[in-house]
Amino acid sequence: MHSEHTGSGAIEYPVQKQLEAYNARDIDAFMEWWSDDCQCFLFPNELIAQGTAEIRARYVGRFEEPNLHAEILARMIIGNLVIDHEHITRTFPDGPGEIDTIAMYEIDDGKIVKAWFKMGEARLHSR
């Protein structure tokens with residue numbers, strides 16, 4: 001990559017790298033792509049985590065789920081916003097299943113500064 005600050009590839013890069021770390025269940029690699037003062041919201045404006053300590057705490061337990069995997073169904077990039085339609089497999093409190101999510105990431109200086117998540121309905125896998 002020639003520049004961290006030009007072109008859609010540079011905007012997409014931190015989102016793609018955090019996705020790869022998510023699928024590897026590597027919390028340290030995942031956290032590298034979040035700015036120190038980052039914020040996560042349930043769409044449109046319910047703040048669910050602020051700062052890297054709170055974001056790490058949200059994901060560290062999830063990364064223990066053996067089936068955790070996010071697949072990108074579609075990605076759009078407009079300005080410094082990356083919007084992913086994600087199909088996520090995970091273990092919910094009631095058992096393994098899947099959920100569709102729209103994730104929107106605002107990128108500044110090569111890091112995620114804000115993220116918004118719009119969750120679909122969880123679908124449990126039949127036993």
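# A guided tour, starting at His87

Begin by selecting His87: leaving aside its neighbours within four places in sequence, this residue is in contact with His69, Ala70, Glu71, Leu73, Glu98, Ile99, Asp100 and Arg123. Keep in mind as you go that you are looking at a predicted model.

**Stop 1: His87 and its partners**

Colour the strands and you will find His87 in strand β4. Is His87 buried or exposed? His87 is buried, because its relative accessible area is 17% and buried means under 20%.

Now show the side chain of Asp100 as well. The side chains of His87 and Asp100 are joined by a polar contact of 3.0 Å. Leave both of them on screen for the next step.

**Stop 2: Arg123**

Add Arg123 to your selection; you will find this residue in strand β7, which covers residues 123–124. Which side chain does the side chain of Arg123 touch through a polar contact? Here the partner is the side chain of Asp100, at 3.5 Å. So Asp100 has a polar contact with His87 and another with Arg123.

Next, show the wider surroundings of Arg123. Setting aside neighbours within four places in sequence, Arg123 is in contact with His87, Gly97, Glu98, Ile99 and Asp100. Arg123 counts as partly exposed, with 32% relative accessibility.

Before moving on, try the distance tool. Pick the C-alpha atoms of Arg123 and Gly9: they are separated by 33 Å, and the two residues are 114 residues apart along the chain.

**Stop 3: Thr101**

Go one strand over in your selection list and pick Thr101, which lies in strand β5. With a relative accessible area of 2%, Thr101 is buried. What is Thr101 in contact with, leaving aside its neighbours within four places in sequence? The list is Asp84, His85, Glu86, Ile88, Phe117, Lys118 and Met119. Remember Ile88 and Phe117 from that list, as both will come back at the pocket.

**Stop 4: the largest pocket**

Switch on a surface or a pocket display. The largest pocket has a volume of about 250 Å³. To find its centre, select Tyr22, Tyr59, Arg62, Ile88 and Phe117, which lie nearest to it among the 19 lining residues.

Which elements each supply at least two residues of this lining? They are α1, β1, α3 (51–60), β4 (81–92), β5 (95–108) and β6 (111–119). Colour the lining by residue type and you should see 13 nonpolar, 2 polar and 4 charged residues.

**Stop 5: the aromatic rings**

Now hide the surface and show the rings of Phe, Tyr and Trp. A pair of aromatic rings is described by the distance of the centres and the angle of the planes. This model has 11 aromatic pairs. One of them is Tyr13 with Trp33, an edge-to-face pair with 5.6 Å centre to centre and 85° between the planes. The pair links distant parts of the chain: Tyr13 is in helix α1 (residues 7–24), while Trp33 is in the loop between α2 (27–31) and β1 (34–42), 20 residues apart. Tyr13 is partly exposed, at a relative accessible area of 29%, whereas Trp33 counts as buried at 16% relative accessibility.

Compare the rings of Tyr22 and Phe30: their centres are 6.3 Å apart and their planes meet at 50°, so this pair is tilted. Both Tyr22 and Phe30 are buried.

Extend the selection to see a whole group. Tyr22, Phe30, Trp34, Tyr59, Phe63, Tyr105 and Phe117 form one aromatic cluster. You have met some of these names already: Tyr22, Tyr59 and Phe117 are among the residues nearest the centre of the largest pocket.

**Stop 6: details of the backbone**

For the last stop, hide the side chains and look at the backbone. Select Phe43 and Pro44: the peptide bond from Phe43 to Pro44 is cis, with omega near 5°. Pro44 lies in the loop between β1 and β2 (46–50).

Then select Arg25, in the loop between α1 and α2. Arg25 is not a glycine, yet has a positive phi of about 55°. Its relative accessible area is 35%, which makes Arg25 partly exposed.

Finish at Asp109, in the loop between β5 and β6. What is notable about the phi of Asp109? It is positive, about 55°, although Asp109 is not a glycine. Asp109 counts as exposed, at 58% relative accessibility.

Technical notes: Residues are numbered from 1 along each chain as its sequence is written. This is a predicted model: local features need pLDDT of at least 70, side-chain atom pairs count only at pLDDT 80 or more; totals for chains, interfaces and linings use all residues. Side-chain values use heavy atoms; hydrogens and water are left out. Rings of Phe, Tyr and Trp (its six-membered ring) pair if their centres lie within 6.5 Å; planes under 30 degrees apart count as stacked, over 60 as edge-to-face and the rest as tilted. Helices (H or I, at least four residues) and strands (E, at least two) are DSSP runs, numbered from the N terminus. Buried means under 20% relative accessible area, exposed over 50%, partly exposed in between (1.4 Å probe, protein chains only). On a 1 Å grid over the protein atoms alone, a cavity is a set of points where a 1.4 Å probe fits but cannot get out, and a pocket is an open set with protein on both sides within 12 Å along at least five of seven lines; lining residues have an atom within 4 Å of a point. Grid points are joined across faces, edges and corners, and a volume is the space filled by probe spheres set on the points. Ala, Val, Leu, Ile, Met, Phe, Trp, Tyr, Cys and Pro count as nonpolar, Asp, Glu, Lys and Arg as charged, and the others, Gly among them, as polar. A polar contact is a pair of N or O atoms within 3.5 Å; within protein, one must be able to donate a hydrogen and the other to accept it, and residues adjacent in sequence count only if both atoms are side-chain atoms. Contact means heavy atoms within 4.5 Å.
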